[in-house]
Structures are given as C-alpha cells and as structure tokens.
Amino acid sequence: MIEKLNNKFHITTFGCQMNEHDSEIIAGMLKEKGFVRVDDVAQANIEILNTCSVRENADKRFFGTLGQLKNRHDNSNDFFVCVCGCMMQQQTVIDTLKAKYPWVDLVFGTHNIHNLPSLLDNVTREKTKMVEIWPDTETIVEGLPAERLFKHKALVNIMYGCNNFCTYCIVPYTRGREKSRTPENIVSEIKDLVADGVKEVMLLGQNVNSYKGESERGEVTSFAQLIRMINDIEGLERIRFMTSHPKDLSTELIEAFKDCHKLCKNIHLPVQSGSNVVLKRMNRHYTREQYLDLINKLREAVPEITISTDIIVGFPGETEEDFQDTLDLVNQVEYDSAFTFLYSIRTGTPAAKYEDQIPEETKHERFDRLVNAVNAISEKKNGEYLGRIEKVLVEGSSKNNPFALSGRTDGFKLVNFPGDPALIGKIIDVEITKTKTFSLEGKVVE
Ligand code: 5AD
Ligand code: SF4
C-alpha cells in the first residue's frame, strides 16, 4: 500500500485531447488508490507533468515548468515530481532529463500509464529515482478508471497510435502503431458512461477513419459501423469524433452522418496545406482537388455540417505561390474554424532533414495573413447564426463569467448565455442574440 500521509496530487497537462484523456485515467487510477486531486500545485506533494511533443514550444513550456519545480523539490523530502506523455518516448528527452534534471523522481511513457500506481509506490516509499519507458506494444489495457473533466461528456479512446508518418509529425514515433479497441469494449464503456450521466461522447484516435475493430468472434468493424452501433445506445444523445484523415474518409461515413441522428453534424478535417506540391512532401496522400471534392460531398449530404481544420504554415520549401494556394483553399472552403500552426522542426521526422527550411520571419508573416483570413471567415460564418435557435448541451459555468452558462451546439459552436445552473447537463434550446469570431451569445428559449 502507498503511504497516505501526504497523498495530494496535481496534474499539468500539455497538448491534445489524447493527453487530456490520459490525465483523466492517471487521476482515476490514483483516486482509486486513495490519493486526492488538488487544483493548485502548491497544495500537492506529487506533481505529474503530462507532456506533448507535437511542436517545439510545447517542449519549451515543459522544461520551463519543470525548472520552476526544482527549488521546492530541493527543499522538501515530501514533494515528488513525475513526468510522462509523448515527450518521454523520445530518447533525446530522456538523455536531457538524466543529464540536466536528475532530481526528477519518476519518468514513465505513453505505453505504461497503467503501471503508475505501483511505480509511484516504489518512488515514494523507497525514495528512489525511476525511469521506466516501455516500447510500443500490441496490448491495449482495458478497464482503467478515469476521472472525467466534465460530468456530462466524456472522451473515449477508440484507437491508439498512427501509421501515417506525415513527414512533419512526431506522433507515429511517440504513440506507436495503430491499434483499435474492440467494438464490444467501446460499446460497453459508453453504456457505463451513460449510466453515469454522460450525454455526449467524443471518440478519440489520431485517425479515427482507419479504425478497424476486430470483435471477439473475428469480425471486422469499420469506423462507420462502430458509429452505428454507438448510435443505438439508449440514453446517449450526442456522438462526436476526432481526428479524421482526409485520405481515409469513406462514403460509408458520409452516409452515417445522414442516418445517425446522434452523430453531431460537425467534422474536424485537417487539410495542412492547400498546395499539391506541399501536400506531397508532407506525405498526406491526397490532393487539394480530392480534399475539396470531399468537402463538397460532405456538404451535399449534410448541408448544415460545420467544418474545422488544421493548417501548417512554413513547411520546408513552401513558396509564396504554395501559400497562396492555402489561402485560396481556405477562402473556398470557408471553415467555421481553423487551428493554424507555424511549422516546427521535430528531430527524427523526415521533414527535419529537408534543406529548404523557411526563415522564421517569412513563416510569421504568412501566419499572420492566414490567421486574418481564417478569423474573418469564422466571424462571417458565426454571423449566420444570429436569431437562430440552437440545441445546446449545457456544460457548466462560462469561463469568463460565473453567472453565465456555457455549452456547445450540435455543430460544436461555443455559446455563452445567462441561466440557472440547474440546466447543466441538459440539452436545451438557446436563441442566438449576438455572434463573435470565436463564440456565440444567446438566451434560453423558455
Ligand atoms: N509543426 C507544426 N505543426 C504540426 N502539427 C503536427 N506536427 C507539426 C509540426 N511539426 C500540427 C498538425 C496537426 C496538429 C495536431 O498539429 O496540423 O494536425
Ligand atoms: Fe501526425 Fe499525420 Fe498521424 Fe496526424 S495523421 S498523427 S499529422 S502522422
């Protein structure tokens, strides 16, 4: 048993929803062992940093945060620092930690999260330092508890890893090969979540469209079939998923959007670039024409669908003309929202070795132009919602104003509105009274 005298933990999470969900699992496991989660690291005697390696600034933020903990660690017998997540799957990071941060108590990776309670037991009891990183395995550990961030919506992993090897991306190296959970395990987890009050699930995977679930009887289930199975779960009201790779988005999935009433009419479809030359060098396996064709098909099938994307600016070799192609595509598609990123060199990926890296200044200048274009479109698209009545799942109090509620429309738009906290967890009608670039405002329809 782990000593419980000082058992308060705090988690700092960097990165994507996969990491958010891993942190939920870490918290679930520790709570099951009698630990108590605290919101302020100052109150904790165990700090866990769950890291992201997708871009360099996440690395920098991690080392910055870690450095700030050293003083307290040096002056206390009872403050333990643990680090985990994607960065730990990179040997260079482990080498840096050993050389420059040898005081860190526990280092573990993305493939052995389930071992945390026993690792922590060792570290806190024996006061030893431990580095335990597992290589990628075929095994998926099922049935781990999770402490959800929201009571009424839940993140559900349907698959792990990625086989795509986009040339800029570190994820296939840190998260390993694609592995899908069985449909039985996913459906059973969601049924349990629904019994616990969950109305909306977000199905997670690096590339959910290549989900290939093998049932215990050896039958293969596609992503679209999985959606249909989940759509039949009684009591569940909304299904979302992310992320989709355009090369694998099937007609079958587009059909599922039409047939499955619980499937929210929203898709995140990262395009990364609007230039065929860049797309090829990124190893994306589609052209801008094929991407635009997909968008047309989605909109033909589901006219009200909202679409978001990821775009990288300043990929090696990107010319002004390539960048114009991206701007042009953005203007054609008219995304509801877009996440824009400056290309960041990731050691170990093919693009890191490309010789035609773009100067920082050019990257920033293009980035600013892209953000202006994207924001102007978001503002216009949101403007179309003025006066509409939208179904909103009320998630909680609004971040900026505790007297207001906030929630998401079916199309994933954030709405803030005044209302009774008793509405939290319900799907209600909200009339949109004001629109902004990144959110909407409204009033409850009585
Ligand atoms: N540089 C910049 N952006 C990146 N992304 C992934 N790798 C990099 C990189 N090296 C972006 C992609 C991806 C999103 C999650 O992060 O747009 O879709
Ligand atoms: Fe990275 Fe590409 Fe895999 Fe997405 S699909 S995780 S961008 S390699």
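What follows is a walk through the aromatic contacts of this structure and the surroundings of one ligand. The model is predicted, so that local features need pLDDT of at least 70 and side-chain atom pairs count only at pLDDT 80 or more, while totals for chains, interfaces and linings use all residues. Residues are numbered from 1 along each chain as its sequence is written, chains are lettered from A and ligands numbered from 1 in the order in which they are written, and side-chain values use heavy atoms, with hydrogens and water left out.

The count comes to 11 aromatic pairs, where rings of Phe, Tyr and Trp (its six-membered ring) pair if their centres lie within 6.5 Å, and planes under 30 degrees apart count as stacked, over 60 as edge-to-face and the rest as tilted. One of them joins Y168 and F315 edge-to-face, at 6.3 Å centre to centre and with 85 degrees between the planes. Both Y168 and F315 are buried (under 20% relative accessible area, with a 1.4 Å probe and protein chains only). A tilted pair is formed by Y286 and Y291, 6.0 Å centre to centre with 35 degrees between the planes, and these two residues are likewise buried. Ring pairs also link F62, F63, Y101 and W103 into a cluster.

Y168 appears again around ligand 2, among residues that include C162, C166, C169, H245 and R284, each with a heavy atom within 4 Å of the ligand.

Charges meet rings as well (NZ of Lys or CZ of Arg within 6 Å of the ring centre and within 35 degrees of the ring normal): K153 lies over the face of F150 at 4.5 Å from the ring centre, and the charged end of R281 sits over the ring of Y354, 4.5 Å from its centre.

Key:
Buried means under 20% relative accessible area, exposed over 50%, partly exposed in between (1.4 Å probe, protein chains only).
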